[in-house]
Structures are given as structure tokens and as C-alpha cells.
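User: I have a structure to study for class. Can you take me through it step by step?

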Amino acid sequence: MAKAEFDYTKAMAELEQIAAKVESPDTSLDDIGALVRKSKDLVTQCREYLRTVRESVNEE
């Protein structure tokens, strides 16, 4: 099974949505924990993507 191509723009939009949910007083602590874990994964993927892009630019 091929790995889906990473979409940086969608990941950033999801991070913004997560931030809004975390800031909402209606979000439970249990939900905040799950959202923080998801955001950590997204940030890791974004950093890896940016590192890859930077390396490809530096090679040119």
C-alpha cells in the first residue's frame, strides 16, 4: 500500500482547528489530551516535510 502524499496546507489548517478547539471552554480535558497528541503528530510531519523541502532546494 502506497503512502499518501503529505499535504502541508491541510495539516496547517487542521492545526489551526485543533488550536481553536483547545481554546474552547466547551472542550473536555480528555478531548484536549487527544487533540494535543494529534497536534504533536502533525507538527512532526510538518517539520519533516519542511526539512525535506529545504534539503531539495539546497541541492539545486
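Analyst: One definition comes before the charges: Lys and Arg count as positive, Asp and Glu count as negative, and His and the chain ends are not counted. Keep in mind that this is a predicted model.

User: How many positive and negative side chains does the protein have, and how far apart do the centres of the two sets lie?

Analyst: With Lys and Arg counted as positive and Asp and Glu as negative, the tally can be read off. The protein has 9 positive and 13 negative side chains. The centres of these two sets lie apart by 4 Å.

User: How many helices and strands does the protein have?

Analyst: Helix H1 covers 8-23 and helix H2 covers 29-59, with a loop between them. The count of strands is zero. The count of helices is two.

User: What radius of gyration does the protein have, next to a compact globule of 60 residues?

Analyst: Start with the box: the C-alpha atoms fill roughly 50 × 25 × 15 Å along the principal axes. A compact globule of 60 residues would have a radius of gyration near 10 Å. The protein itself has 15 Å.

User: What share of the 60 residues counts as buried?

Analyst: Buried means under 20% relative accessible area. The protein exposes about 5,300 Å², and carbon and sulfur atoms supply 53% of that area. Of the 60 residues, the share that counts as buried is 15%.

User: Is Thr 27 buried or exposed?

Analyst: Thr 27 sits in the loop between helix H1 and helix H2. Leaving aside neighbours within four places in sequence, Thr 27 is in contact with Lys 21, Ile 32 and Leu 35. Its relative accessible area is 18%. The cut-off is under 20%, so Thr 27 is buried.

User: Which residues is Ser 39 in contact with, leaving aside its neighbours within four places in sequence?

Analyst: Ser 39 belongs to helix H2. Its relative accessible area is 17%, so Ser 39 is buried. Outside those sequence neighbours, its contacts are Leu 15 and Ile 18.

User: How many salt bridges does the structure hold?

Analyst: Side chains of opposite charge can pair when their charged atoms come close. One such bridge joins Glu 14 and Lys 38. Arg 51 forms a salt bridge with Glu 48. The number of salt bridges in the structure is two.

User: Which helices hold Glu 14 and Lys 38?

Analyst: The side chains of Glu 14 and Lys 38 meet in a salt bridge at 4.0 Å, N to O. The pair ties together parts that are 24 residues apart in sequence, because Glu 14 lies in helix H1 and Lys 38 in helix H2.

User: Are Glu 14 and Lys 38 buried or partly exposed?

Analyst: Partly exposed covers the range between the buried limit of 20% and the exposed limit of 50%. Glu 14 has a relative accessible area of 29%, so Glu 14 is partly exposed. Lys 38 stands at 36%, so Lys 38 also counts as partly exposed.

User: How far apart are the closest N and O atoms of Arg 51 and Glu 48?

Analyst: Arg 51 and Glu 48 are three residues apart in helix H2, so about one helical turn separates them. Arg 51 is partly exposed at 35% relative accessible area. Glu 48 is partly exposed at 41%. In their salt bridge, the closest N and O atoms are apart by 2.6 Å.

User: How far apart in space are Glu 16 and Ser 39, C-alpha to C-alpha?

Analyst: Glu 16 lies in helix H1, and Ser 39 is in helix H2. Glu 16 is exposed, with 59% relative accessible area. In sequence, Glu 16 and Ser 39 are 23 residues apart. In space, their C-alpha atoms are apart by 9.5 Å.

User: And how far apart in space are Asp 30 and Asp 7, C-alpha to C-alpha?

Analyst: Asp 30 is in helix H2. Its relative accessibility is 67%, so Asp 30 counts as exposed. Asp 30 and Asp 7 are 23 residues apart in sequence. From C-alpha to C-alpha, the distance is 27 Å.

How values were computed. Residues are numbered from 1 along each chain as its sequence is written. This is a predicted model: local features need pLDDT of at least 70, side-chain atom pairs count only at pLDDT 80 or more; totals for chains, interfaces and linings use all residues. Side-chain values use heavy atoms; hydrogens and water are left out. Helices (H or I, at least four residues) and strands (E, at least two) are DSSP runs, numbered from the N terminus. Buried means under 20% relative accessible area, exposed over 50%, partly exposed in between (1.4 Å probe, protein chains only). Contact means heavy atoms within 4.5 Å. The radius of gyration is taken over C-alpha atoms; the globule rule is 2.2 Å times the number of residues to the power 0.38. Accessible areas come from the Shrake-Rupley method with a 1.4 Å probe; for residues, only the protein chains shown count as cover. The place of a charge is taken as NZ of Lys, CZ of Arg, CG of Asp or CD of Glu.
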